[in-house]
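Student: I have a structure to go through. Can we take the labels one by one and test each against its definition?

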Amino acid sequence: MALEKKSPCKVNLILNILGRRADGFHELETVMQPVNVCDRLTFERTGAGLLLSCSHAELPTDSKNLVHRAAASFLAAANIADGVRIHLQKNLPLAGGIGGGSANAAVTFTALNELFGAPLSVDKLHELAAALGSDVPFFLYDQPALATGRGEKVRPLENFPALRGKAFFLAHPGFGISTPWSYQNLARFPEALHGQPGRAEKLIALLQGDDLKAAAAETYNSLEAPAFDKFPVLALYQAFLRENGALVTLMSGSGSTTFAITENLAAADTLAEKFKSRFGENGWTATVGA
Ligand code: C5P
């Protein structure tokens with residue numbers, strides 16, 4: 001029987017980079033918020049082999065795909081000789097900074113563990129996930145979280161009271177931003193490269209209250225510095241969203257997706273219509289309750 005799973009995305013309510021490490025990665029503190037706009041994956045046991053298909057023609061279906069790598073890593077670690085057939089229905093934009101590919105990999109780990117009778121512990125899944133990408137472990141938990149280190153150390157948190165009843169608007173401009181490019185170019189912005197530690201905890205404390213406007217002042221993304229320098233339209237998006245009632249607006253992750261938080265879903269839908277009439281229909285947008 002096929003197992004069907006939703007693969008959600010995330011936004012970073014703060015992405016505070018603290019400096020470059022000796023291993024080339026960047027030390028950071030980030031608050032990640034799951035957002036219920038989803039890809040879909042189906043998993044089926046087969047006799048042998050690993051077969052991935054995908055609705056999106058641009059995505060590879062071999063070991064260059066994170067889903068394929070997650071499945072191969074799971075089968076090897078669990079010592080499973082049986083095969084699996086996976087289909088990925090891609091709805092989220094690629095290179096969007098909302099963790100679509102990372103979530104696909106995490107969902108693959110949890111789904112295969114379910115399909116094969118839970119041979120691996122959560123700690124083992126976390127270890128395999130971290131080896132695939134810094135954002136992958138976060139998606140194992142399906143909760144907001146503080147992530148530190150290079151992003152792989154995850155402390156799951158209760159849902160934030162400040163987001164109760166609120167909604168998200170997501171806007172992808174139709175071009176992606178490469179994560180390695182963002183981090184490399186952060187070197188040109190020393191202030192953004194060397195954030196003050198403690199800002200993420202401060203934001204969490206505010207999100208645990210009920211005043212989103214107070215929390216909004218503490219949202220921040222270090223990677224906006226290189227992104228806005230190359231793609232000024234992303235700064236225009238935020239100015240427009242703020243002028244039209246967004247309570248929070250920020251770039252997510254390494255971009256290129258911009259998100260806004262609104263009072264409720266109706267306000268997000270209104271904002272989406274205004275945004276599309278101002279900037280056109282070329283990109284990708286979504287609205288969803290928080
Ligand atoms: O871990 P992930 O595969 O998502 O990282 C992609 C790239 O982003 C890394 O190769 C690195 O260049 C950069 N990166 C970084 N510091 C992080 C996370 C990612 O420099 N904390």
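Student: What makes the pair between the ligand and the side chain of H26 a polar contact?
Tutor: An oxygen atom of the ligand is 2.8 Å from an N or O atom in the H26 side chain. A polar contact is a pair of N or O atoms within 3.5 Å, so this pair counts. S134 offers a side-chain N or O atom 2.6 Å from a ligand oxygen. At R150 a backbone N or O atom lies 2.9 Å from a ligand nitrogen.

Student: What kind of model is this?
Tutor: The model is predicted; local features need pLDDT of at least 70, and side-chain atom pairs count only at pLDDT 80 or more. Residues are numbered from 1 along each chain, and side-chain values use heavy atoms, without hydrogens and water.

Student: Why are α1 and α2 called roughly parallel?
Tutor: Helix α1 (residues 66-77) and helix α2 (residues 100-115) pack at about 30°, axes 8 Å apart. Angles under 35 degrees count as roughly parallel, over 145 as roughly antiparallel, 65 to 115 as roughly perpendicular and the rest as oblique. Therefore α1 is roughly parallel to α2.

Student: Why are α9 and α10 called oblique?
Tutor: The axes of helix α9 (residues 233-243) and helix α10 (residues 265-279) cross at roughly 135° and come within 11 Å. That angle falls in the remaining class, so α9 and α10 are oblique to each other.

Student: Which residues of α9 and α10 meet?
Tutor: L236, Y237, F240 and L241 of α9 meet L271, K274, F275, R278 and F279 of α10. Contact means heavy atoms within 4.5 Å.

Note on methods. Axes fitted to C-alpha atoms, helices over the stretch in contact; angles between N-to-C directions. Helix = DSSP H or I, 4+ residues; strand = E, 2+ residues; numbered from the N terminus. Polar contact = N/O pair within 3.5 Å; in protein donor to acceptor, adjacent residues only side chain to side chain.
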